[in-house]
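Grab a pencil and work through these exercises one at a time. Try each task yourself before you read its solution.

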Amino acid sequence: MMIYADGSARPNPGLASYGLWIDVDGHHVTDLTVPIGRTTCNVAEWRALVAALLFAHGAGVETVRIQTDSRLVVEQVMGRWKVKAPHLRTFCQEAQALMREFKSCRVEWVPRERNEADA
(Lines give C-alpha, C1' and ligand atoms only; values in the text may rest on other atoms or scores of the structure.)
Protein backbone atom coordinates (compact mmCIF):
# COMPACT_ATOMS: atom_id res chain seq x y z
CA MET A 1 0.00 0.00 0.00
CA MET A 2 1.21 3.48 -0.88
CA ILE A 3 -0.19 6.47 0.97
CA TYR A 4 0.51 10.09 0.15
CA ALA A 5 -0.06 12.30 3.21
CA ASP A 6 -0.24 16.07 3.59
CA GLY A 7 -1.33 18.62 6.15
CA SER A 8 -1.93 22.33 5.89
CA ALA A 9 -3.03 25.38 7.88
CA ARG A 10 -3.99 28.73 6.42
CA PRO A 11 -2.80 31.08 7.78
CA ASN A 12 -0.22 29.41 9.95
CA PRO A 13 -1.55 28.87 12.58
CA GLY A 14 -5.05 28.83 11.20
CA LEU A 15 -7.81 26.58 9.94
CA ALA A 16 -6.16 23.26 9.22
CA SER A 17 -6.80 19.93 7.60
CA TYR A 18 -4.94 16.88 6.41
CA GLY A 19 -5.42 14.65 3.42
CA LEU A 20 -4.53 11.13 2.39
CA TRP A 21 -4.36 9.62 -1.10
CA ILE A 22 -4.26 5.81 -1.03
CA ASP A 23 -2.96 3.56 -3.80
CA VAL A 24 -2.97 -0.22 -3.83
CA ASP A 25 -0.92 -2.03 -6.46
CA GLY A 26 -0.53 1.21 -8.42
CA HIS A 27 -4.26 1.99 -8.48
CA HIS A 28 -5.86 4.89 -6.64
CA VAL A 29 -8.50 3.40 -4.34
CA THR A 30 -9.58 6.28 -2.13
CA ASP A 31 -8.69 9.62 -0.65
CA LEU A 32 -9.90 11.62 2.27
CA THR A 33 -9.68 15.11 3.66
CA VAL A 34 -10.20 15.76 7.35
CA PRO A 35 -10.66 19.25 8.85
CA ILE A 36 -8.93 19.48 12.24
CA GLY A 37 -9.74 23.00 13.42
CA ARG A 38 -7.28 25.75 14.25
CA THR A 39 -3.66 24.61 14.55
CA THR A 40 -0.26 24.85 12.87
CA CYS A 41 1.06 23.34 9.66
CA ASN A 42 3.44 21.14 11.67
CA VAL A 43 0.60 19.65 13.72
CA ALA A 44 -1.43 19.09 10.54
CA GLU A 45 1.52 17.31 8.88
CA TRP A 46 2.03 15.06 11.92
CA ARG A 47 -1.68 14.27 12.10
CA ALA A 48 -1.57 13.28 8.42
CA LEU A 49 1.26 10.82 9.05
CA VAL A 50 -0.42 9.26 12.09
CA ALA A 51 -3.72 8.99 10.16
CA ALA A 52 -1.92 7.28 7.26
CA LEU A 53 -0.36 4.74 9.62
CA LEU A 54 -3.68 4.11 11.35
CA PHE A 55 -5.42 3.65 7.98
CA ALA A 56 -2.82 1.11 6.81
CA HIS A 57 -2.92 -0.71 10.15
CA GLY A 58 -6.72 -0.86 10.02
CA ALA A 59 -6.56 -2.23 6.47
CA GLY A 60 -4.42 -5.08 7.76
CA VAL A 61 -1.53 -4.55 5.38
CA GLU A 62 1.95 -5.76 6.31
CA THR A 63 3.84 -3.36 4.07
CA VAL A 64 3.20 0.36 3.73
CA ARG A 65 5.05 3.19 2.05
CA ILE A 66 4.10 6.73 3.01
CA GLN A 67 5.22 9.79 1.11
CA THR A 68 4.90 13.33 2.43
CA ASP A 69 6.30 16.71 1.44
CA SER A 70 7.15 17.55 5.07
CA ARG A 71 10.89 17.07 5.44
CA LEU A 72 10.54 17.95 9.13
CA VAL A 73 8.15 15.04 9.78
CA VAL A 74 10.23 12.55 7.78
CA GLU A 75 13.53 13.46 9.42
CA GLN A 76 12.02 13.51 12.91
CA VAL A 77 10.08 10.24 12.63
CA MET A 78 13.15 8.50 11.22
CA GLY A 79 15.17 9.76 14.21
CA ARG A 80 17.61 11.89 12.21
CA TRP A 81 16.38 15.21 13.62
CA LYS A 82 15.53 15.94 17.24
CA VAL A 83 11.90 16.71 18.12
CA LYS A 84 12.18 19.77 20.33
CA ALA A 85 8.51 20.72 20.76
CA PRO A 86 6.83 18.55 23.42
CA HIS A 87 3.45 18.58 21.62
CA LEU A 88 5.10 17.27 18.44
CA ARG A 89 7.11 14.65 20.36
CA THR A 90 3.82 12.94 21.25
CA PHE A 91 2.92 12.60 17.56
CA CYS A 92 6.39 11.30 16.77
CA GLN A 93 6.25 8.66 19.50
CA GLU A 94 2.81 7.52 18.34
CA ALA A 95 3.95 7.30 14.72
CA GLN A 96 7.10 5.36 15.62
CA ALA A 97 5.07 2.87 17.68
CA LEU A 98 2.66 2.36 14.78
CA MET A 99 5.54 1.91 12.33
CA ARG A 100 6.81 -1.03 14.39
CA GLU A 101 3.50 -2.83 13.79
CA PHE A 102 4.32 -3.40 10.12
CA LYS A 103 6.58 -5.96 8.52
CA SER A 104 7.88 -3.09 6.37
CA CYS A 105 7.14 0.62 6.75
CA ARG A 106 8.87 3.40 4.85
CA VAL A 107 8.25 7.11 5.31
CA GLU A 108 9.78 9.19 2.53
CA TRP A 109 10.02 12.83 1.56
CA VAL A 110 8.77 13.89 -1.88
CA PRO A 111 8.58 17.35 -3.42
CA ARG A 112 5.17 19.00 -3.05
CA GLU A 113 4.45 18.68 -6.77
CA ARG A 114 4.80 14.87 -6.51
CA ASN A 115 2.58 14.57 -3.43
CA GLU A 116 -0.84 13.36 -4.62
CA ALA A 117 -2.40 14.45 -1.29
CA ASP A 118 -1.27 18.07 -1.71
CA ALA A 119 -4.55 19.17 -3.27
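Before we start, one definition: helices (H or I, at least four residues) and strands (E, at least two) are DSSP runs, numbered from the N terminus. Also keep in mind that this is a predicted model.

**Exercise 1. An unusual backbone angle**

Task: Find where D25 lies, and decide whether D25 is buried or exposed.

Solution:
- Start with the place: D25 lies in the loop between β2 and β3 (27–39).
- Next, look at the backbone. D25 has a positive phi of about 50°, even though it is not a glycine.
- Is that the usual sign? Most residues other than glycine have a negative phi.
- Now the surface. Exposed means over 50% relative accessible area. D25 has 74%, so D25 is exposed.

**Exercise 2. Two cis bonds**

Task: Work out which kind of peptide bond leads from R10 to P11, and which kind leads from N12 to P13.

Solution:
- Check omega for the first bond: going from R10 to P11, omega is near -15°, and the bond is cis.
- Do the second one: from N12 to P13, omega is near -5°, and this bond is cis too.
- Place the prolines. P11 is in the loop between β1 (2–10) and β2 (14–24), and P13 is found in the loop between β1 and β2 as well.
- For background, most peptide bonds are trans.

**Exercise 3. Measuring up a helix**

Task: Test whether the span of helix α3 (residues 86–99) agrees with 1.5 Å a residue, then say which residues of α3 are buried.

Solution:
- Work out the expected span. The rule is 1.5 Å times one less than the number of residues. With 14 residues, α3 should span 20 Å.
- Compare with the model: the end C-alpha atoms of α3 are 20 Å apart, which agrees.
- List the buried residues of α3: L88, F91, C92, A95, L98 and M99.
- They cover an arc of only 125° around the axis, which puts them on the same side of α3.
- Why can such a pattern come about? An α-helix has 3.6 residues a turn, so residues three or four places apart point the same way.
- Finish with the partners: the buried residues of α3 pack against α1 (41–59), α2 (71–77) and β5 (104–109).

**Exercise 4. A polar pair between strands**

Task: Find which side chain makes a polar contact with the side chain of E108, and say whether Q67 is buried or exposed.

Solution:
- Locate both residues. E108 lies in strand β5, while Q67 lies in strand β4 (residues 63–68).
- Use the cut-off: buried means under 20% relative accessible area. E108 has 18%, so E108 is buried. Q67 has 5%, so Q67 is buried as well.
- Look at the side chains: those of E108 and Q67 make a polar contact at 2.8 Å.
- Add the other contacts, skipping residues up to four places away in sequence. E108 touches R65, I66, Q67, T68 and V74. For Q67, the contacts include M2, Y4, V110 and N115.

**Exercise 5. A glutamate and a ring**

Task: Say where E75 is placed, and which charged end sits over the ring of W109.

Solution:
- Place E75 in helix α2. At 12% relative accessibility, E75 counts as buried.
- Leaving aside neighbours within four places in sequence, E75 is in contact with R80 and W81.
- Now the ring: the charged end of R71 sits over the ring of W109, 4.1 Å from its centre.
- What about rings paired with rings? A search of the whole structure finds 0 aromatic pairs.

Terms used
Residues are numbered from 1 along each chain as its sequence is written. This is a predicted model: local features need pLDDT of at least 70, side-chain atom pairs count only at pLDDT 80 or more; totals for chains, interfaces and linings use all residues. Side-chain values use heavy atoms; hydrogens and water are left out. Buried means under 20% relative accessible area, exposed over 50%, partly exposed in between (1.4 Å probe, protein chains only). The arc is that of the directions from the helix axis to the C-beta atoms. Contact means heavy atoms within 4.5 Å. Rings of Phe, Tyr and Trp (its six-membered ring) pair if their centres lie within 6.5 Å; planes under 30 degrees apart count as stacked, over 60 as edge-to-face and the rest as tilted. A charge sits over a ring if NZ of Lys or CZ of Arg is within 6 Å of the ring centre and within 35 degrees of the ring normal. A polar contact is a pair of N or O atoms within 3.5 Å; within protein, one must be able to donate a hydrogen and the other to accept it, and residues adjacent in sequence count only if both atoms are side-chain atoms.
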